[in-house]
Structures are given as structure tokens and as C-alpha cells.
Amino acid sequence: MADAGTTRGGAEPLNAARLRAALGGPATMWTDIRVVAETGSTNEDALKQAVDGAPEGLVIAAEWQTAGRGRQGRRWLAGPGAALTFSALLRPQPVPQATRGWIPLLAGVAAARGLRQMAGVDARLKWPNDVLADGGKLAGLLAEQCGDAVVVGIGVNVLGSEPDLPVATATSLERCGAGGTDRTALLAAILRELEHRYLRWRATGPGDAVASGLQREYRSLCDTLGRQIRVQLPGGRELAGQAVDVDPAGQLLVSPHRGELVAVSAGDVVHVR
Ligand code: BTN
């Protein structure tokens with residue numbers, strides 16, 4: 001990891017001091033905030049810190065990742081200073097393992113809320129947690145578990161148009177007319193939204209998405225519900241049908257063209273219409 005200070009091109013550098021101040025000092029759960037100029041992957045860095053015993057509340061943000069990780073073993077690419085890339089370390093005790101599957105969905109809600117607030121975009125979610133705007137993928141999220149720790153990594157495309165973006169279906173804040181968004185303020189907003197929902201969900205149940213209001217909020221932001229979709233399931237199978245709901249476990253309920261309702265817990269969704 002190289003310390004922050006400069007970016008090689010791109011947006012205004014992230015400002016760690018301003019970020020800490022915006023989060024409200026000692027009152028926040030984000031007690032260890034690190035901004036680096038360059039690293040392989042902030043998720044990998046945060047996972048290493050988790051193995052070394054770092055407490056919940058660590059945030060690592062990087063101006064540039066040289067080996068950013070995406071879902072399903074894919075890479076996540078962005079030029080120096082062109083994205084907002086960061087990872088947050090959670091230790092969701094005493095939430096039972098069975099309901100921890102909500103963490104990536106919860107983080108997706110926080111990212112969408114932060115983007116709406118700070119960038120003014122109509123951010124919505126494609127199940128489980130891609131953030132969409134203007135029909136393209138604006139942000140991606142990767143949650144990785146290690147022992148009792150969960151690292152949530154979020155990458156928001158800030159600058160760039162098609163050739164520079166991680167995937168063909170991607171968009172950026174710039175393309176959505178919000179390229180001037182202050183990344184430090186955006187990061188603070190996403191972290192505040194994440195903290196607020198995470199603490200409420202962890203304290204309710206614990207980890208009860210229905211009683212904490214998380215399921216309701218997720219549904220209201222989910223662009224997948226009601227659509228005809230295709231889902232690539234792990235193992236290469238495909239399911240086609242209508243997305244009808246997200247159940248109390250965070251699974252996507254799909255009504256296939258033939259047969260009974262299917263509860264999907266992992267997969268890549270394509271919105272057909
Ligand atoms: C996806 O949509 O495939 C998930 C992309 C997740 C990218 C973020 S960027 C910050 C964090 N560090 C990584 O290596 N990946 C995540």
C-alpha cells in the first residue's frame with residue numbers, strides 16, 4: 001500500500017481528515033479510516049487486517065486498485081482517481097450466520113442512499129446489490145467473510161465513459177451528469193448510511209431484516225422486482241421468469257415460466273424487461 005497524497009489524474013484526492021470530520025469524530029463506528037494512493041485490492045487489505053485481529057470499524061479507501069476484485073471471481077478495474085473504491089470491516093456479533101446474508105444487501109441500500117443524497121442520481125438496486133443509474137451499473141459491491149469478520153467492498157464509477165469502465169453495461173457519475181461529485185463527501189455519506197442501517201439491523205433480532213425495516217427499504221429500492229429476468233445460477237444453470245419478491249432471508253423469489261416459485265440465494269441477474 002502507498003500512502004495517499006496525490007492521485008495520478010482523475011478527481012480531487014480523497015481527504016482523510018475531512019472524511020473523519022464529516023463522520024462526526026468519536027461518535028462514529030468508523031474508528032480507523034485509512035486512505036492510500038495505490039494498493040492491489042482494499043478488500044484484500046481489509047481481510048488481512050481482519051486476520052490480524054483488527055476490530056470492527058476499519059475503513060480502507062484507495063485512489064487506485066491494481067488488482068480490484070469483483071463478484072464471482074471477476075476483476076474490477078478503474079483508472080487512478082476515476083472511482084471511489086473502499087472496504088469496511090464488520091464483525092456482526094451476535095447476528096446468527098443464517099441472517100448474515102443480508103449484509104451485502106444492506107450495504108447496497110446504503111450505497112444507493114449515499115449516491116442519491118450526494119450525487120443526486122436515481123440510484124436503484126439490481127438484486128443482490130449492483131447499484132444502477134440511468135440503466136447502467138454505477139457501483140458494485142463485494143462482501144467477503146473471514147471467520148467472524150465480513151469485509152464489505154464498494155466501487156463507484158465516478159469518471160469515465162465506455163472504454164474506461166469495468167464492464168460494457170457500466171455507467172459512471174460523469175455519464176449520469178454528476179462527475180463533479182465530491183468523492184470524500186460521497187464516501188462519508190455512504191459510511192453514515194451503512195452505519196445507521198447496520199447498527200439498527202444488528203440490534204433488532206439480532207439481524208432481523210423484517211423487524212428492522214431493512215427488507216421493506218430494500219424492496220422499495222429494488223429495480224429487479226416485477227421484471228422478467230434471467231439468473232445465472234452457481235454451477236452454470238440458468239433460470240428465467242419474473243422476479244416477484246425478496247424474502248425475509250434476502251433470497252430473490254422467482255416465478256419461472258413453468259413450475260413453482262424458486263428462492264435464489266446466489267446468482268447473476270439480467271433484467272430482460
Ligand atoms: C462487482 O460488482 O463485481 C463487485 C465489485 C466490487 C469492487 C470493490 S472496489 C473496493 C473493493 N475492493 C475490491 O477489490 N473490490 C471491492
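Reader: What makes Ser-212 count as buried?

Author: This is a predicted model in which local features need pLDDT of at least 70 and side-chain atom pairs count only at pLDDT 80 or more, while totals for chains, interfaces and linings use all residues. Residues are numbered from 1 along each chain as its sequence is written, and side-chain values use heavy atoms, with hydrogens and water left out. Ser-212 has a relative accessibility of 7%, and because buried means under 20% relative accessible area (exposed is over 50%, partly exposed in between, with a 1.4 Å probe and protein chains only), Ser-212 counts as buried.

Reader: Where does Ser-212 lie, and what does its side chain reach?

Author: Ser-212 lies in the loop between helix 4 and helix 5 (214-221), helices being DSSP runs of H or I with at least four residues and strands runs of E with at least two, numbered from the N terminus. The side chain of Ser-212 reaches the backbone oxygen of Asp-208 at 2.8 Å, which fits the definition of a polar contact (a pair of N or O atoms within 3.5 Å; within protein, one able to donate a hydrogen and the other to accept it, with residues adjacent in sequence counting only if both atoms are side-chain atoms).

Reader: How do you know that the length of helix 4 is close to what is expected?

Author: The expected span is 1.5 Å times one less than the number of residues; helix 4 has 21 residues and reaches 30 Å from its first C-alpha to its last, close to the expected 30 Å. At the start of helix 4, a side-chain oxygen of Asp-182 comes within 2.9 Å of the backbone nitrogen of Thr-184, and just after the helix Gly-205 takes a positive phi of about 125 degrees.

Reader: Does the same rule apply to helix 3, and what makes that helix "mostly covered"?

Author: The 18 residues of helix 3 (residues 102-119) should span 26 Å, and the end C-alpha atoms are 25 Å apart, which agrees. Helix 3 is called mostly covered in that 14 of its 18 residues are buried. Just after helix 3, Gly-120 has a positive phi of about 70 degrees.

Reader: Which residues surround the ligand most closely, and what kinds of residue make up the shell?

Author: A residue is near a molecule if one of its heavy atoms lies within 4 Å of it; 20 residues surround the ligand, the closest being Ser-41, Gln-65, Arg-69, Arg-71 and Lys-137. The shell divides into 5 nonpolar, 11 polar and 4 charged residues, where Ala, Val, Leu, Ile, Met, Phe, Trp, Tyr, Cys and Pro count as nonpolar, Asp, Glu, Lys and Arg as charged, and the others, Gly among them, as polar. Helix 2 (42-51), strand 4 (83-90), strand 7 (136-146) and strand 8 (149-157) each supply at least two residues, and strand 7 gives the most, with 4 residues.

Reader: Which N or O atoms lie within reach of an oxygen atom of the ligand, at Arg-69 and at Lys-137?

Author: A backbone N or O atom of Arg-69 lies 2.7 Å from a ligand oxygen, and a side-chain N or O atom of Lys-137 lies 2.5 Å from a ligand oxygen. Taken alone the ligand exposes 420 Å², of which the protein buries 99%, the areas coming from the Shrake-Rupley method.

Reader: Why is the pair Glu-44 and Lys-48 called a salt bridge?

Author: A salt bridge is a side-chain nitrogen of Lys or Arg within 4 Å of a carboxyl oxygen of Asp or Glu, and the closest N and O atoms of Glu-44 and Lys-48 are 3.5 Å apart. Being 4 residues apart in helix 2, the two are separated by about one helical turn. Glu-44, at 30% relative accessible area, is partly exposed, and Lys-48, at 48%, also counts as partly exposed.

Reader: What makes Glu-56 and Arg-202 a salt bridge, and which parts of the chain do they link?

Author: Their closest N and O atoms are 2.8 Å apart, and the pair therefore meets the salt-bridge definition. Glu-56 is in the loop between helix 2 and strand 3 (58-65) and Arg-202 is in helix 4 (residues 183-203), 146 residues apart, so that distant parts of the chain are linked. Arg-202 is partly exposed, with a relative accessible area of 22%.

How values were computed. Accessible areas come from the Shrake-Rupley method with a 1.4 Å probe; for residues, only the protein chains shown count as cover.
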